[in-house]
Amino acid sequence: MATPISPTGAAPLAVHPDRLFPADPGVRGIARRLYEAVRYAPIVSPHGHVDPRMLAEDTPFPHATALFVQPDHYVTRILHSAGIGLAELGVGAPPLPGDRARHAWRLLCSHWHLFRGTPVRYWLESELADVFDVRERPSAATADALYDTIGAQLTQPSHRPRALLERFGIEFLATTDDPADALEHHAALAGLGTRVVPTFRPDRYLEPAQPGWRDAVERLGVAADADVGSYKGYVAALEARRQTFLEHGAVSADHSHADAIAEPLDDTEAERLYADALAGTLRPEGATAFRRHMMFEMARMSCDDGLVLTLHPGIRRNHHPGTLAAFGPDSGHDIPTAVEFTRALQPLLARFGTHPNLHLVLFTVDATVFSREIAPLAGFYPSVYAGVPWWFLDNPGAIRSFQESVTEIAGFTRLSGFIDDTRAFCSIPARHDMARRLDAAHLAGLVAAHRLDEEEAADTLRALVVDQPRKVFKL
């Protein structure tokens, strides 16, 4: 157990044992009992963005800023909205050195009030209290003491990446990886107690209108030892790399495009568009048609090789050009857009929707489509599962709305199980804890309303936490 920070008269940081539980004492008591039954259940994390190099090399974290600020765009985007420059926070940079790292940490602590009422505050408080035994609230006055105390713990073997991985109780962890990646870090982690596997993320190879597409395809061909000078060779290269990922333990292929449309072309047209793309003469409408065709092909490949197909469209990537130019992608300015699934996926589901080998998990950051489209699709097609709220919807309010609407239509067995989707390593247990508390609260309400008995609620919660993600992602 780490040594608590000595009280200095600063406001305490205390995570309440009943946080997120119902206010009604009777329902709260049910929620407590349900939660305690899964509180220490293993964490199954089938989609996230932790760097496998960090775990393979097991190098100590250099400081608090490298854990809590730099990798977490949830944190940096809120600070940026208050006028704090991303360069000061180390966005897109290696771990900040000395004084710059401490300065970034002071910015977080002195702007703690910005996080009031957000799930980010819940996660940060849980991380600080549970992982580092912090007992004082971050502020300008406590920033340096917190930074030094956390830093001292990070030098200990107990707080190295692999030790924390074990301490967090993570049973399964999927990373997100380029199809041309050598996967050497996953190979090095093959004997670890936690199963750490890659996820096949081919978006850049399916978007010929994006800058760098041709160079990326050439790298894909080298990695697959395939001639990608033809459409047939390109498809063969994608199939070969999927097999390599499977050999390294991968369970899913992840996709995020502007829309969810998957519409096949005949071979002749696909070959023509591919040739135009290689020649640099492909028009924008042709690039869109090719990408939509390739999404259909991705479903076909999933039926062949068994990789779960996860789809989360409807994001306007890199909304601010200046930020993209200065800090690169994934720097906090991807913004949700409206999205449609029912018509978009009809050709794909008409062909593959009842295929026994297809698991299609639909995620969205457009809350309007959960009950209107995703739940009805998951409530009919045996291949379709409703992905839980994530990203901009991974907050208590949106999760409660999802629980009340989607399960009424599709039932609990058609859900994906919780997805943490994070780059911030220490936030993984905090995010799963929040989900378990919210699920316990929702099920407690059903028990109190005499819609479930408590034993059924406990069985359902255990399934949501462990059994359902194992089933959906074929673990």
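# Close-up views of a predicted model

**View 1. Helix α1 and what lies over it.** Among the elements that cover the buried residues of helix α1 are α20 (427–448) and α21 (454–472). This is a predicted model, so each view here shows computed positions. Which residues of α1 are buried? They are V27, G29, I30, A31, L34, Y35 and V38. Look for a rhythm in that list: an α-helix has 3.6 residues a turn, so residues three or four places apart point the same way. At the N-terminal end of α1, D24 acts as a cap, with a side-chain oxygen 3.0 Å from the backbone nitrogen of G26. You can also check the length of the helix yourself. The 14 residues of α1 (residues 25–38) should span 20 Å at 1.5 Å a residue, and the end C-alpha atoms are indeed 20 Å apart, which agrees.

**View 2. The whole protein, before we zoom in again.** How many helices and strands does the protein have? Count along and you will find 21 helices and 9 strands. Its radius of gyration is 23 Å, close to the 23 Å that the globule rule gives for 475 residues, so the protein is as compact as a globular protein of that length. The C-alpha trace spans about 75 × 60 × 45 Å along its principal axes. Of the 475 residues, 56% count as buried. Take the contacts between residues at least 6 apart in sequence: 76% of them join residues at least 24 apart. The accessible surface comes to about 19,400 Å², and carbon and sulfur atoms account for 52% of that.

**View 3. W105 in the largest nonpolar core.** This core has 137 residues, and F68 and W105 are the ones that touch the most other members. Which residues does W105 touch, once those up to four places away in sequence are set aside? They are A64, T65, F68, V69, L128, A143, L146, Y147 and I150. A second, separate core has 18 residues, including F21, L443, L446 and A457.

**View 4. Y234 in helix α13.** Find Y234 in helix α13, which covers residues 231–247. Is Y234 buried or exposed? Its relative accessibility is 0%, so Y234 counts as buried. Beyond its neighbours within four places in sequence, Y234 is in contact with Y205, L206, V217, D227, V228, Y274, F290 and M294. With Y205 there is a detail to spot: the backbone oxygen of Y205 lies 2.6 Å from a polar atom of the Y234 side chain. Y234 and G221 are 13 residues apart in sequence, and their C-alpha atoms are 7.3 Å apart in space.

**View 5. D439 and H442 in helix α20.** Both residues belong to one helix: D439 has its place in α20, and H442 lies in α20 too. Why does D439 count as buried? The cut-off for buried is under 20% relative accessible area, and D439 has a relative accessibility of 18%. H442 is also buried, with a relative accessible area of 15%. Leaving out neighbours within four places in sequence, D439 is in contact with Q403, L461 and L464. D439 and L464 are 25 residues apart in sequence, yet 8.2 Å apart in space from C-alpha to C-alpha. H442 touches Q403, E404, T407 and F412, not counting residues up to four places away in sequence. Q403 appears in both lists, as a contact of D439 and of H442.

Key. Residues are numbered from 1 along each chain as its sequence is written. This is a predicted model: local features need pLDDT of at least 70, side-chain atom pairs count only at pLDDT 80 or more; totals for chains, interfaces and linings use all residues. Side-chain values use heavy atoms; hydrogens and water are left out. Helices (H or I, at least four residues) and strands (E, at least two) are DSSP runs, numbered from the N terminus. The expected span of a helix is 1.5 Å times one less than its number of residues. Buried means under 20% relative accessible area, exposed over 50%, partly exposed in between (1.4 Å probe, protein chains only). Contact means heavy atoms within 4.5 Å. A polar contact is a pair of N or O atoms within 3.5 Å; within protein, one must be able to donate a hydrogen and the other to accept it, and residues adjacent in sequence count only if both atoms are side-chain atoms. A nonpolar core is a set of buried Ala, Val, Leu, Ile, Met, Phe, Trp, Tyr and Cys residues joined through side-chain atoms within 4.5 Å. The radius of gyration is taken over C-alpha atoms; the globule rule is 2.2 Å times the number of residues to the power 0.38. Accessible areas come from the Shrake-Rupley method with a 1.4 Å probe; for residues, only the protein chains shown count as cover.
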